[in-house]
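Hi,

Here is the structure I promised to pass on. Have a look at it first, and my notes on what turned up follow below.

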Amino acid sequence: MKWWQNAVIYQIYPRSFQDSNGDGIGDIQGIISRLDYLEELGVDAIWLSPVYQSPNDDNGYDISDYQAIHPEYGTMEDMDELIEEAKKRSIRIVMDLVVNHTSDEHNWFVEAKKGKENPYRDYYVWRDPVDGKEPNDLGSTFGGSAWELDEASGQYYLHLFSKKQPDLNWENEQMRSDIYEMMNYWLDKGIGGFRMDVIDLIGKKPDEEITADGPKLHDYLKELHDNTLKGRDVMTVGETWSATPETAKLYSHPDRNELSMVFQFEHMMLDEQPGKTKWDLKALDLQEWKEVLTKWQVELKDDGWNSLFLNNHDTPRAVSRFGNDTEFREKSAKCLAIVSHMMKGTPYIFQGEEIGMTNRKVKSIDEVDDIESINMYTERLEEGYPEEELLHVINVKGRDNARTPVQWSAEEQAGFTEGTPWLPVQPNYKEINIENALENAESVFYTYQRLIELRKNNPIMVWGDFELLMADHPSLFVYKRSYEGETWLVCANISEEPERLLLNELSLKSKMIISNAKRTTVTSDGLVLSPYEAFVVKL
């Protein structure tokens, strides 16, 4: 067994986690000051969003120097201290790494722009104009064309994201070699591995308008593994928006030596209109959600490895999106945690999720920081969409929702900073904060702590087979985990109305493992689950 198979990983978005010097921006010393809290929660690793040198066009996902720390976050000495202090608490640091693109301020691109003969020119993707315009119709994820004209040379460079994020050319062997050398620099420091940003895009064939899953993608990943990860006790998780169960097996099958696991997003796109963008909303259908989650549980089984997550720095808060963040906030947060953590795979907790932090509502575009939300708003406003509708979708799906500062206490600025935070603190911080959660034995925090403890001590949570029951029920999510003669039953009512549950397998002999409603016994002749009630019993 690999350590990451029964681990629980906590994502830190450093800008919003804890500020230590009063400048309103979270930093590495702030993280170090909160490691005891993470040890109490029980997590095994921290996925650390980028802290590298960056002009922050996309909040650090535009790296200008892979081997330097952004001064906002601290120094390399701070980083070394974080790795060591975390290790003392048996917590590993998993670095977020972006190797699909760099910042346009990275030295490689600065050199590349000097001319077509520069040795770094081919580190990026350049093309001549076609009929005096962009080479083709490839679009940027952040809106507009994916091609930007370099006036000096008359050529276009590719940027699948911001124009300040030029795409690297993975066909260049020397560029790949430099990437591997940089990764080994970090691995030699003793980190626990990497989260690989948009890794499914590195095999792109832009002339054929192929971005994800290019023909040489898996060759590159095998080469990357052999040059960096091989022989090391580390984990990798790839961000793969395009992944299917079939391709996830290619990425994560233990015999293929590519990645440990992937983030797949099929279950995260079911509240969007099919074939449209994340901004085109539709109501979540629980039956469809159950079907998708089950597919990934069953089809990956022993041929790959699942990641289990309901939110991250790019997606809205889980309790606001899939639960009820007002009347049933605590109960629905616990319910979602139980349903997700009881599945097979490695669970990820996004900072603040463990206390049920909620989405942030804005009333004006002036309150929005996220480049993706601003670009969408500008484009759609010009197309005639009503402003009210655009602000509504930003409030539902915008990335700033996840990026508000962590709510540590009821003190000013939620204990995040003594200065002015880079993004306003949620107004509900006086009620929803970590200090309150730690003092309340029934808080969301202790449900997460209990789920982590259960995973460490019960192989059935790590290795058990998955079987969905009551697939057609519109409100109940019920499944079994079975391992070496032991069976656990997970039951959840994901709705705001009471629901009757009739299951022959249940009896007074069923042993309660965890409940979010103080339930101690169950019976086979039916029980009524209150709104967002969830429990797990050993049959």
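Asp 285 caps the N-terminal end of α8, with a side-chain oxygen 2.9 Å from the backbone nitrogen of Gln 287. Bear in mind as you read that this is a predicted model.

The helix itself, α8, covers residues 286–300. Its 15 residues should span 21 Å at 1.5 Å a residue, and the end C-alpha atoms are indeed 21 Å apart, so expectation and model agree. Just after α8 comes Lys 301, which has a positive phi, near 30 degrees.

Which residues of α8 are buried? They are Leu 286, Trp 289, Lys 290, Val 292, Leu 293, Thr 294, Trp 296, Gln 297 and Leu 300. You'll spot a lysine, Lys 290, in that list. The cover over these buried residues includes two helices, α7 (245–252) and α10 (329–341), along with the strands β12 (307–308), β14 (465–469) and β15 (476–483).

Now the aromatics. There are 31 aromatic pairs in the structure. Take Tyr 37 and Trp 408: their ring centres are 5.3 Å apart and the planes sit at 80 degrees, which is over the 60 needed, so the pair counts as edge-to-face. This pair ties together distant parts of the chain, 371 residues apart, with Tyr 37 in helix α2 (residues 35–41) and Trp 408 in the loop between α13 (400–403) and α14 (434–439). Both Tyr 37 and Trp 408 are buried.

Phe 109 and Trp 126 make a stacked pair, at 5.8 Å centre to centre with 5 degrees between the planes. Here Phe 109 belongs to helix α4 (residues 107–112) and Trp 126 to strand β6 (residues 126–127), 17 residues apart. Phe 109 and Trp 126 are buried too.

There is also an aromatic cluster made up of Tyr 52, Tyr 66, Trp 108, Tyr 120, Tyr 123, Tyr 185 and Trp 186.

Two charged side chains lie over tryptophan faces. Arg 15 is over Trp 422, at 4.8 Å from the ring centre, and Lys 278 is over Trp 279, at 4.7 Å from the ring centre.

One last residue to look at is Asp 58, in the loop between β3 (52–53) and β4 (65–69). Is Asp 58 buried or exposed? Its relative accessibility is 8%, so Asp 58 counts as buried. And what does Asp 58 touch, leaving aside neighbours within four places in sequence? Its contacts are Phe 142, Gln 165, Ile 371 and Arg 399.

Cheers

Notes. Residues are numbered from 1 along each chain as its sequence is written. This is a predicted model: local features need pLDDT of at least 70, side-chain atom pairs count only at pLDDT 80 or more; totals for chains, interfaces and linings use all residues. Side-chain values use heavy atoms; hydrogens and water are left out. Helices (H or I, at least four residues) and strands (E, at least two) are DSSP runs, numbered from the N terminus. The expected span of a helix is 1.5 Å times one less than its number of residues. Buried means under 20% relative accessible area, exposed over 50%, partly exposed in between (1.4 Å probe, protein chains only). Contact means heavy atoms within 4.5 Å. A polar contact is a pair of N or O atoms within 3.5 Å; within protein, one must be able to donate a hydrogen and the other to accept it, and residues adjacent in sequence count only if both atoms are side-chain atoms. Rings of Phe, Tyr and Trp (its six-membered ring) pair if their centres lie within 6.5 Å; planes under 30 degrees apart count as stacked, over 60 as edge-to-face and the rest as tilted. A charge sits over a ring if NZ of Lys or CZ of Arg is within 6 Å of the ring centre and within 35 degrees of the ring normal.
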